[in-house]
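Morning, everyone. Please have the sequence and the structure up on your screens. I'll keep this brisk.

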2 protein chains.
Amino acid sequence: MSAEVEFRMLLTDALQKRDREMLEDLLWQLAEQRRLHAVLRELEPGELARLAEVLGDETFGEFLAELEPSDAAEILERLSSAEAADVLEAMAPDDAADVLSRLDPAEARQILVEMEPVEAKELEELLSYPPETAGGRMTPAFVALLPDVRVDQAIAALRKVAEEVETIYYAYVVDEENRLLGVVSMRELVLSPPYRTVGEIMERDIVKVRATADQEEAARLLVEEGLLALPVVDEEDRLLGIITVDDVADILEREVTEDIERLGGSQPLEIPYTRATPVYLWRRRVGWLLLLFVAEMYTGTVLRHFEQELEEAIALAFFVPLLIGTGGNAGSQVVTTLVRAMAVEGIGLRDFVRIFPKEFIAGLLAGAVMGAAGFLRAEILGVDPAISLTVGVALFCIVLWAVTVATLLPLLLKRLGIDPAVVSSPFIATLVDGTGLVIYFNVARLILHLY
Amino acid sequence: MSAEVEFRMLLTDALQKRDREMLEDLLWQLAEQRRLHAVLRELEPGELARLAEVLGDETFGEFLAELEPSDAAEILERLSSAEAADVLEAMAPDDAADVLSRLDPAEARQILVEMEPVEAKELEELLSYPPETAGGRMTPAFVALLPDVRVDQAIAALRKVAEEVETIYYAYVVDEENRLLGVVSMRELVLSPPYRTVGEIMERDIVKVRATADQEEAARLLVEEGLLALPVVDEEDRLLGIITVDDVADILEREVTEDIERLGGSQPLEIPYTRATPVYLWRRRVGWLLLLFVAEMYTGTVLRHFEQELEEAIALAFFVPLLIGTGGNAGSQVVTTLVRAMAVEGIGLRDFVRIFPKEFIAGLLAGAVMGAAGFLRAEILGVDPAISLTVGVALFCIVLWAVTVATLLPLLLKRLGIDPAVVSSPFIATLVDGTGLVIYFNVARLILHLY
């Protein structure tokens, strides 16, 4: 019996017995194994409604917040609008907005109508920013104080709202028009004399982000400045919400996934892989595949150009995949390391004089080893010694050439203002393939002529 | 005049004038541009000592903490042992230990001798754990309380040590033998009646990590549980230190870099790229390069096996790079997306029935497009129509084959307990190259025979 079926049976059983503790336990296990969505989607609408009822909206909302927003939306769609509204009300506003934005617009409107007017309005405001922006990520559940509030009053206020806000470790100080003036941390409040005002002790030099800024910018800022939360403002500096540190892992993980997918030579997916349809996958990939194909087409032209050499020594053809493969691999090694170092260590074209000699010397060493290996391989295959020599010399040159191209290209692209991450492994391999062949056949001409 | 030289002059000037504000301003600008190390290393030992003196040990230590530990060590080496000891004393213990561990052991010992005994002992304890472990990352600057301390006493205690500890948002509750009993957050302290004890209000269900655990495990745990700090314990559950959320970004960034370097087909670098020597780079890469070379060698055998077909229709050779290149690209696209999804979305072999049909259909679509493109390309090059047909059909089969291999391999590796991240783009390309040729020449045999 598969683990999936087993869990399903336990769940049905616990649902029938209305065993809340058992249900919570099961769902946490599923959430940890990232199988929560797979199991929830199999439940009948009636079972799902009962689950929400037994767990309570608060707890059920917590589980939905564990899922990808699009997955949570799929589950929510199968409840009635009134039930869905209750669950969303119990969720943190930023999580609720994420889920709501993934629903069919008509359905989302229907649910908003069923919600309490205050909470519906809050969500509508959040939904007015695209999900990839700081505004789409923020939560309005923060603490704002006027500057003349005293420290002891501020602490009392924080206590009172502690259950409803996302963090009580920062309180933001605003003027009557809600413009951001400063921030006080719980640390400062606890350390300050109770009779002082927050306006006196607040930090005025605030790190903040515009609601229209990219969510990645907000995440980077939060991490770099070591903050627990970052205020989000509109163009008139009015405080709209905050982004907290627990959102950051999510945002950065998505960013890394995009980089990795790009390195593999596709358009990054915009939805989780498990939800991608075959046609979606195909559309994300076929463009790059065709582009690389067109770029690679010139290898055919190169080979036809050297048709005579090939006919005279067909053995030359035996080594074509080995040579261009090795060139591509050598280039790929450099490019992935360098592009990443450019992002993390801030390397640019101005570091050229430090980077290039380093890669060139490493390339010389690698070229020498690979050249020797190539010569040996050709000898073992028992071809003409002149061809073995050709393979060895060509491999040396191709590796050096691949390393040179792979070092220069990302640096030049960055200089031109293009993200060097577009230089994927397949891209550099394609670039080196044809030029590598030109090197190979020219070396062949030279050496075979000498014999 | 280059920006580097300009900064150098401004710095020299500010040093001569002993202008502390100007110096701080300059160094922050350099730190933001990640050029701090490059400039500091160019200073004379005398200038460096003066810089530390004018800024004060505290501020100078803050700048050193901005650098990579190995870079900071390089700077520190150029101060006298006594000066270095003063700077390290002013730094956070975990940062100081990171730097100290990168120094020459004799030099490190010399500096420890010059330090205050209490602080030297603390550092020696931290240094007893390898830098990649939770123990090597932790700081001993945390707040520990006995369970019978009252809430108001606890808040008073936190106030008193606020300047010296890494976080005042958590206090850890320990018994007389320093064994971890629970944790109270500042939030809970502020919200609880002052006369209760921390033992009564503490959370007993503590997320913690062993000092010997990998630092990545600690970072993941911190992020997943949404904590601001994570306690580090020894095998007898005694509290040794904490890891705070500001260390996490650093740790996770390093981990992602390793994954990306692996995807490019090299051993991950263990030092920053800017500090890697050519020989180091070469050693990290040449192993994989040779391994891939050996794996690729069979393409030569395959081609020699089909020597007769090649001699009869030399035009077949024109398309070899195009065919194997496209196969490699198609495989690389699948493998990077899938391996990442396996890490992030927890996909495993049990999801085979969902994953495989999806990739197979996407592969069918891609194969059809690429087959048509291949046929067209061959027609444009003006080869025999039978060869054009061969190229088209072979491309369709090769793309489908590459997609199948790239889908199955990571799933099988994970099943066998091997990290699927070893399947790099170069690896999958190598695997597909030779098998793709076998497909190509068999299709050729079939079709050319029919004509």
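I'll go through the two chains, then helices, strands, salt bridges and a surface patch.

One caution before we start. This is a predicted model.

Let's begin with the two copies. Two copies of a chain are related by a rotation about an axis and a shift along it. Here, chain A can be laid on chain B by a turn of 180° and a shift of 0.1 Å along the axis. The RMSD of that fit is 0.1 Å. That is the relation of a two-fold axis. Both copies use the same surface, and 100% of the contact residues of chain A recur in chain B.

Now a helix in chain A. Look at helix H8, residues 93–101. Helix H8 of chain A is mostly covered, with seven of its nine residues buried. Which residues of H8(A) are buried? They are Pro93(A), Asp94(A), Ala96(A), Ala97(A), Asp98(A), Val99(A) and Leu100(A). Note the two aspartates in that list, Asp94(A) and Asp98(A). And what covers the buried residues of H8(A)? The cover includes helix H6 (69–76), helix H7 (81–90) and helix H9 (105–114) of chain A. It also includes helix H10 (117–127), helix H11 (134–137) and helix H16 (245–263) of chain A.

On to the strands. Strands of a sheet pair through backbone hydrogen bonds, either parallel or antiparallel. We have examples of both senses here.

Take the parallel case. Strand S1 of chain A, residues 144–145, pairs with S2(A) in the parallel sense, over two bridges. Ala144(A) has Tyr172(A) as its bridge partner in S2(A). Strand S2 of chain A covers residues 170–174, and five of its five residues are buried. In a regular strand the side chains alternate between the two faces of the sheet. You can follow that along S2(A). Tyr170(A), Tyr172(A) and Val174(A) point one way, while Ala171(A) and Val173(A) point the other way. All of them are buried.

Next, an open sheet in chain A. Three strands make it up, in the order S4-S5-S6, and the pairing is mixed. Which strands are at the edges? Strand S4 (209–210) and strand S6 (239–244) of chain A, each pairing on one side only. Strand S5 of chain A, residues 229–233, runs antiparallel to S6(A), and five bridges join the two. Within this part of the chain, Pro231(A) stands opposite Ile242(A) in S6(A).

Switch to chain B. Strand S5, residues 229–233, pairs with S6(B) in the antiparallel sense, over five bridges. Val233(B) has Leu239(B) as its bridge partner in S6(B). The hairpin of S5(B) and S6(B) has five residues between the strands. In that hairpin, Asp237(B) takes a positive phi near 70°. Why call strand S6 of chain B largely enclosed by the rest of the structure? Because five of its six residues, in the run 239–244, are buried.

Now the charges. Side chains of opposite charge can pair when their charged atoms come close. How many salt bridges does a search of the whole structure find? The count is 36 over all chains.

Here are three from chain B. Glu125(B) and Lys121(B) meet at 3.4 Å, N to O. Both lie in helix H10 of chain B, residues 117–127, four residues apart, about one turn of the helix. Lys121(B) is exposed, at 53% relative accessible area. Glu125(B) is partly exposed, at 47%.

The second salt bridge joins Asp152(B) and Arg150(B), at 2.6 Å, N to O. Asp152(B) counts as partly exposed, at 31% relative accessibility. Arg150(B) also counts as partly exposed, at 35%.

The third joins Asp351(B) and Arg350(B), at 3.5 Å, N to O. Is Asp351(B) buried or exposed? Asp351(B) is buried, with a relative accessible area of 9%. Over in chain A, salt bridges that share partners join Asp175(A), Glu177(A) and Arg179(A) into one network.

Last stop, the surface. Val279(A), Ile361(B) and Leu365(B) form a nonpolar patch there. Together they have about 210 Å² of accessible area. Ile361(B) sits in helix H22 of chain B, residues 352–381. At 40% relative accessibility, Ile361(B) counts as partly exposed.

That's the tour. Over to you.

Terms used: Residues numbered from 1 in each chain as written. Chains lettered and ligands numbered in written order. Predicted model: local features only at pLDDT ≥ 70, side-chain atom pairs only at ≥ 80, totals over all residues. Heavy atoms only, no water. Patch = residues over 30% accessible without salt bridge, like charges linked within 9 Å, V, L, I, M, F, W, Y side chains within 5 Å. Areas by Shrake-Rupley, 256 points an atom, 1.4 Å probe, with all protein chains shown as cover. Salt bridge = Lys/Arg side-chain N within 4 Å of Asp/Glu carboxyl O. Buried < 20%, exposed > 50% of the residue type's maximum accessible area, 1.4 Å probe, protein only. Least-squares fit on C-alpha atoms with pLDDT ≥ 70 in both. Contact = heavy atoms within 4.5 Å. Pairing = 2+ DSSP bridges.
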